[in-house]
Amino acid sequence: MRITERIDLPVAPERAWRAIVDPRVVRRALPGLESLEVVGGGPLRRGTRIRAVLRIGAAQLGSELEVTELVEGRDFVISGVTGIDLHLGLRVRPHDEGTRIVVRFGYNPPGGVTGALAARLAGPEMHRRMRVMLRRVGRVLLGEPEPAPLPSPLRVATLAVRGGGILRRAGVLRPMRPDKYAVVARRLARWGATPAGAYAAAAARDPQRLAIVDGDRALTYAELDVRSTALAVALRDRGVAEGHRVAVLARNHRGFVEALVAISKTGADAVLLDPGLERERLATLLERERPTLVVADADLLDALDAAIPDRVVRVASAWDDEHEARHGVRALDELVVEGAERPLPLPAGPGRVELLTAGATGAPKGMRRNRIPADAPIALLDRLPFRDGDTVLVLPPLAHAWGFANLVVTLLLGGTVVLDRSFEPVEALRTIARHRVDALVATPAMLEELLAVPEDERDRYDRSSLRTTAVSGASLPAAVATAWMATYGPELFSVYGSVEAGWATVADPADLRAAPATAGRSTIGATVRIYDPHGAPLPTHRVGLILVGGATLPDRYTDGSPVPRIDDLVRTGDVGWLDDLGRLFVLGREDEVDVELGARPPLALVATG
């Protein structure tokens, strides 16, 4: 049995070498490694003996190994002396301004049919273990936390019962033919709870439903699944692989979604960038993230040229009449044709999605999610009346947490996401009428612009299909909430959260009628507390720092800096207070609000609440 795996990391070769030959790191990184002991405890050198015990299934296999080759900073080989006959080789080389780590594992089974069968059965498992080991070493080098441990059986059971009821009410859990259940299960097993897995499962469940509507163009779930697989093949042809990062710098259109799903299928991480970023900030982010490839709208390619080196592959989301094809830059549609009907290798692990913070006090920071946490869509669906098959107009950028969350929720519902490349109030009204939109996703500023449309212009467009409006991204002014419910309908929901903390509170129509300035009450699994600047909790009706707790809170940003915490709660950077009914009121950012912390809220603000 011979196995070779590799990973590319944006770190110096010296750091990678120190980690990969550190027995403490290897012991934590390799699944099933029960013990690893350097005989004599000294530094590793040629001839050093190592004792190891590896668990495979119910068997524990012990062996004494010897270092047979050691070239400092480059090559390390150990071979079995007693016990199981194996050898393990590690190679560390500079690669593309970073480091490539290659691991080679060999195992000679005992003779006879039994040994050959054992090796054949153990092969896929050892492939998996080598891939997991490299991913874990990568996390150590990049300062990323390990995925959160699995919740307790009681929490799983409680969430399953309550979550199942919420999903049934929303129409997510509905009867299907047994063969469809089997296909959905296989696709989720292959891709996991990622954009790739979610779209592949939806394609099996409702292949002919519209997934994306983008102006005059539309894609069904089946078409999106096929196109994204072909695109993933072409991206792999251009060097994209597990452990790499691919930046997406695009507005709201189908190309963004196709790229997101394709990147997930390659096993690479998708870094979602705001197309409105200033060039200096864009250059800073790209230097920090060091992507292998960037997918960008054609009009943003010039900004990219000044921000990234020539070695980074550029892919245009599409060419248009104003932006002709450039030498060496392919468009997504061209890559889909190139990769069509070709097999896609299964990646070692699912690709992750990196969202950026708002960057109100500096450069935006990255926050990666390995998979879509089950709590997040359930928390929203518990409070928002989105339903199976809804048509949802998503106006905020998909690169922002609020836009991305609603893309995921609509996908979970097997609904149709309607996208406009830019927000223009009258065009949004025209889209609602044209596509019979059920739910509108927006920001408070967008609601203000829609309210500013003259009444006679507004009434030209049929809005009778619009059942629900959900806003987030900033505080919803009380006057805007009241005016919207009077003009566009009473079903208005205001959501409060952050990239770090997820969705913490939701204000439903009853909350907003009673207290138009409120951000609402805690969602399932979320905890909201108010603290003073010294880390002490404050009672209700006292202004302080807003902190949020939940099941999937991260420890660090992608640059290695810690997420600010108090008592295991994440500091959101906002100031506000809680009333006696558990409703949250947000005053603004910590560095912008001129209110004494620990004091009662101003009377004028209490009156609007």
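Me: In this predicted model, contact means heavy atoms within 4.5 Å. Which residues does Arg251 touch, not counting residues up to four places away in sequence?

Reply: With those positions set aside, Arg251 touches Phe256, Pro275, Asp297, Asp299, Leu300 and Arg421. Arg251 itself is placed in the loop between strand E10 (245-249) and helix H8 (254-266). Arg251 and Arg421 stand 170 residues apart in sequence and 5.5 Å apart in space, C-alpha to C-alpha.

Me: What makes the approach of the side chains of Arg251 and Asp299 a polar contact?

Reply: The two side chains are joined at 2.8 Å, and the cut-off for a pair of N or O atoms is 3.5 Å. The distance lies within that limit, so the pair is called a polar contact.

Me: Why is Arg251 called partly exposed?

Reply: Its relative accessible area is 26%. Buried requires under 20% and exposed over 50%, so a value in between makes Arg251 partly exposed.

Me: Why is Pro195 called buried?

Reply: Pro195 has a relative accessible area of 7%. The limit for buried is under 20%, and therefore Pro195 qualifies. This residue belongs to helix H6 (residues 195-205). Between Pro195 and Val353 there are 8.7 Å in space, C-alpha to C-alpha, at a separation of 158 residues in sequence.

Me: Which residues have the most contacts inside the largest nonpolar core?

Reply: They are Tyr199, Val257, Leu272 and Phe386, in a core of 72 residues. Not counting residues up to four places away in sequence, Leu272 touches ten residues' worth of neighbours that include Val248, Phe256, Leu260, Val353 and Phe404. Another core, of 37 residues, lies apart from the largest one, with Ile7, Val26, Phe76 and Met130 among its members. In soluble globular proteins, nonpolar side chains tend to be buried together.

Me: What makes the pair Arg135 and Glu242 a salt bridge?

Reply: The N to O distance between their side chains is 2.8 Å. A salt bridge needs a side-chain nitrogen of Lys or Arg within 4 Å of a carboxyl oxygen of Asp or Glu, so this pair meets the criterion. Distant parts of the chain are linked here: Arg135 is in helix H3 (residues 112-142), and Glu242, 107 residues apart from it, is in the loop between helix H7 (221-237) and E10. Both partners are buried. The structure holds 42 salt bridges.

Me: How do you know whether Arg314 and Asp305, which also form a salt bridge, are buried or partly exposed?

Reply: Arg314 has a relative accessible area of 9%, which is under 20%, so Arg314 is buried. Asp305 stands at 33%, between the two limits, and therefore counts as partly exposed. Their salt bridge has an N to O distance of 3.1 Å.

Me: What makes Glu338 and Arg330 a salt bridge?

Reply: Their closest N and O atoms are 3.3 Å apart. That is within the 4 Å limit, so the pair qualifies. Glu338 is partly exposed at 27% relative accessibility, and Arg330 is partly exposed at 31%. Elsewhere, Glu37, Arg49, Arg51, Glu64 and Glu66 are joined into one network by salt bridges that share partners.

Me: Why is Asp532 said to have no salt bridge?

Reply: The nearest side chain of opposite charge, Arg571, is 9.1 Å away. A salt bridge needs a distance within 4 Å, so this pair fails the criterion. Asp532 is nevertheless buried. Located in the loop between strand E24 (527-531) and strand E25 (544-549), Asp532 has a polar side-chain atom 2.8 Å from the backbone nitrogen of His534. Asp532 also touches Leu538 and Leu545, not counting residues up to four places away in sequence.

Me: Why is Glu341 called exposed, and Arg436 partly exposed?

Reply: Glu341 has a relative accessible area of 85%, which is over 50%, so Glu341 is exposed. Arg436 has 41%, between the 20% and 50% limits, and therefore is partly exposed. Glu341 is in the loop between helix H11 (332-339) and strand E15 (353-356), and Arg436 in the loop between helix H14 (425-435) and strand E19 (439-442). Phi is positive in each, near 60 degrees for Glu341 and near 50 degrees for Arg436. Most residues other than glycine have a negative phi.

Technical notes
Residues are numbered from 1 along each chain as its sequence is written. This is a predicted model: local features need pLDDT of at least 70, side-chain atom pairs count only at pLDDT 80 or more; totals for chains, interfaces and linings use all residues. Side-chain values use heavy atoms; hydrogens and water are left out. A nonpolar core is a set of buried Ala, Val, Leu, Ile, Met, Phe, Trp, Tyr and Cys residues joined through side-chain atoms within 4.5 Å. Buried means under 20% relative accessible area, exposed over 50%, partly exposed in between (1.4 Å probe, protein chains only). Helices (H or I, at least four residues) and strands (E, at least two) are DSSP runs, numbered from the N terminus. Lys and Arg count as positive and Asp and Glu as negative; His and the chain ends are not counted. A polar contact is a pair of N or O atoms within 3.5 Å; within protein, one must be able to donate a hydrogen and the other to accept it, and residues adjacent in sequence count only if both atoms are side-chain atoms.
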